Amino acid sequence: MIVCDNRLMAPARRYLGSHPVAVWAIKHLVSPLYRLVVKVSRGRLAPPSSIAVPTLLLTTRGRVSDQERTIPLVCISDGGRFVVANARPAGERRNPWVANLRAAGQGRVRHGGRMFPIRARELDDSEADQYWSALVEVWPAFAEHYAATGERTVFVLEPKEQGTS
């Protein structure tokens, strides 16, 4: 597993992911800006936040709207696969990307200037435990949110072979 090893950024990651104002800013300012930078640059530019936190863009279809939805997610690498997670902050509604990915079971990932189709598999608790400490190391707020709500979801995103559905 590859984990971002920038210890200087750990205090900032801990604050940014857990403070209510920072959670709001990430949701309403940082995520839309991230999507815009990647879209305008056609994936050639990554936002500055990806220097401190390994991030990918996940595109799936909305389970209700059937519209494509793209969201930046903190990730870790495991071989050729990516692992992403969501731990709901207290006082926030459930994140729709989880339900969308669960329903679709597939999507596209943009990472490192490449875009490729993926197949998603939700992990059960024992499988999720294998990745949890690495996910928390990258984004410490996961631990705080999980402790507060008891809710977490972890997916493995595996590249699809060309020609498979």
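Colleague: What share of the 165 residues in the protein chain is buried?
Modeller: Buried residues make up 40% of them. Buried means under 20% relative accessible area, with a 1.4 Å probe and protein chains only. This is a predicted model: local features need pLDDT of at least 70, side-chain atom pairs need pLDDT 80 or more, and totals for chains, interfaces and linings use all residues. Residues are numbered from 1 along each chain as its sequence is written, and side-chain values use heavy atoms, without hydrogens and water.

Colleague: How do you know what counts as a helix or a strand in the pattern α-α-α-β-β-β-α-β-β-α-α-β?
Modeller: Helices are DSSP runs of H or I with at least four residues; strands are runs of E with at least two; numbering starts at the N terminus. On that basis the protein chain has six helices and six strands.

Colleague: What makes a set of residues such as I76, V83, Y131, W132, L135, F142 and V154 part of a nonpolar core?
Modeller: The term covers buried Ala, Val, Leu, Ile, Met, Phe, Trp, Tyr and Cys residues joined through side-chain atoms within 4.5 Å. Those seven belong to the largest core, of 20 residues, and touch the most other members. Elements giving two or more residues are β2 (68–78), β3 (81–87), α5 (125–138), α6 (141–149) and β6 (152–159). The largest share, seven residues, comes from α5.

Colleague: Which residues is V83 in contact with, leaving aside neighbours within four places in sequence?
Modeller: Contact means heavy atoms within 4.5 Å. V83 meets that with V74, C75, I76, D78, Y131, L135, V154, F155 and V156. Another core, of 16 residues, lies apart from the largest one; L58, L73, F82 and I118 are among its members.

How values were computed: Buried means under 20% relative accessible area, exposed over 50%, partly exposed in between (1.4 Å probe, protein chains only).
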